[in-house]
Amino acid sequence: MARNPRSVRLVIALSVAAVLAVFLLYVSIAGGRQAQLKPSQLAGHAETVSLVGRVVGHARGDGYSKNGLHFRVGDIGGSASVPYMFKTGRHVVVDGRYAHGVFVAKHDTLVTKCPSKYAPAKKA
C-alpha cells in the first residue's frame, strides 16, 4: 500500500516544526545568558555577569588606550533625560566580573541603552 506524498510531507514538516519548537523553548529557558545585576547587587558575585546601571560622574581615559575607559556606574534611578553617549545619567549594560571591590568589564561588551525607551511618557 503506497502512502500519499502529501501525508509524508506533512509528517516531515510537523517533525521539523516540533524540533524548532523544542529548540526555541530550550534557548528561552536555558538561554546561556549570564545574570543581569545592578551595581548594588554585585557584592559576593564572582561569576561573569551583565552589569546594568547608569553612568555616574565623568568618563576618564580612552577605550582604545592601554589603560582603557574608566567610569563609575550606579543603579538606575527614576529620573530620565536625553543623555549623550557617556554623559552622567546614561544607562549602560556591560559584561564582566566583580573582584576585589572593582567591576572589570570584558572587552567589547559595553552597550548604551536607547534613552528614548526610558524617558517618561509625554503628557497629552
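The accessible surface of the protein comes to about 9,800 Å², and 61% of this area belongs to carbon and sulfur atoms (areas from the Shrake-Rupley method with a 1.4 Å probe, only the protein chains shown counting as cover for residues). The structure is a predicted model, in which local features need pLDDT of at least 70 and side-chain atom pairs count only at pLDDT 80 or more, whereas totals for chains, interfaces and linings use all residues. Residues are numbered from 1 along each chain as its sequence is written, and side-chain values use heavy atoms, with hydrogens and water left out.

Two helices and six strands are present in the protein, and their order along the sequence follows the pattern α-β-β-β-β-β-β-α; these elements are DSSP runs numbered from the N terminus, helices being H or I over at least four residues and strands E over at least two. Of the 124 residues of the protein, 19% count as buried, where buried means under 20% relative accessible area, exposed over 50%, and partly exposed in between (1.4 Å probe, protein chains only). Among the contacts with a separation of 6 or more, 43% are accounted for by residues 24 or more positions apart, a contact being defined by heavy atoms within 4.5 Å.

The largest nonpolar core has six residues, namely L37, L42, V49, L51, V94 and F103; such a core is a set of buried Ala, Val, Leu, Ile, Met, Phe, Trp, Tyr and Cys residues joined through side-chain atoms within 4.5 Å. In soluble globular proteins, nonpolar side chains tend to be buried together. When residues up to four places away in sequence are not counted, V49 touches L37, L42, V94 and F103, and also Q34, A35, D95 and G96.

Strand β4 (91–99) holds several of the residues examined. V92 lies in this strand and is buried because its relative accessible area is 1%. Its C-alpha atom is 5.6 Å from that of R54, a residue 38 positions away in sequence. Beyond the four nearest places in sequence, the residues that V92 touches are L51, V52, G53, V55, F71, V73, L110, V111 and T112. D95 is also placed in β4 and, with a relative accessible area of 14%, is buried. With residues up to four places away in sequence again excluded, D95 touches Q34, V49, S50, F103, V104, A105, K106 and T109. R97, found in β4 as well, is partly exposed because its relative accessible area is 47%. The C-alpha atoms of R97 and T48 are 4.9 Å apart, although 49 residues separate the two in sequence, and T48 is among the residues that R97 touches outside its four nearest places in sequence, together with A46, E47, V102, F103 and V104.

The loop between β4 and β5 contains H100, which is exposed because its relative accessible area is 85%. The phi of H100 is near 55 degrees, a positive value in a residue other than glycine. Most residues other than glycine have a negative phi. Within strand β5 (residues 102–105) lies V104, which counts as exposed because its relative accessibility is 52%. V104 touches D95, G96 and R97 when residues up to four places away in sequence are not counted, and its C-alpha atom is separated by 9.4 Å from that of V94, 10 residues away along the chain. In strand β2, V56 counts as partly exposed because its relative accessibility is 31%; V56 and I76, 20 residues apart in sequence, are 9.9 Å apart from C-alpha to C-alpha.

The largest pocket has a volume of about 940 Å³. Of the 30 residues that line this pocket, L69, H70, F71, V94 and A105 are the closest to its centre. On a 1 Å grid over the protein atoms alone, a pocket is an open set of points where a 1.4 Å probe fits, with protein on both sides within 12 Å along at least five of seven lines, and lining residues have an atom within 4 Å of a point; points are joined across faces, edges and corners, and the volume is the space filled by probe spheres set on them. At least two lining residues are supplied by each of β2 (49–61), β3 (69–74), β4 and β5, and the largest share, six residues, comes from β3. The lining divides into 17 nonpolar, nine polar and four charged residues, with Ala, Val, Leu, Ile, Met, Phe, Trp, Tyr, Cys and Pro counted as nonpolar, Asp, Glu, Lys and Arg as charged, and the others, Gly among them, as polar.
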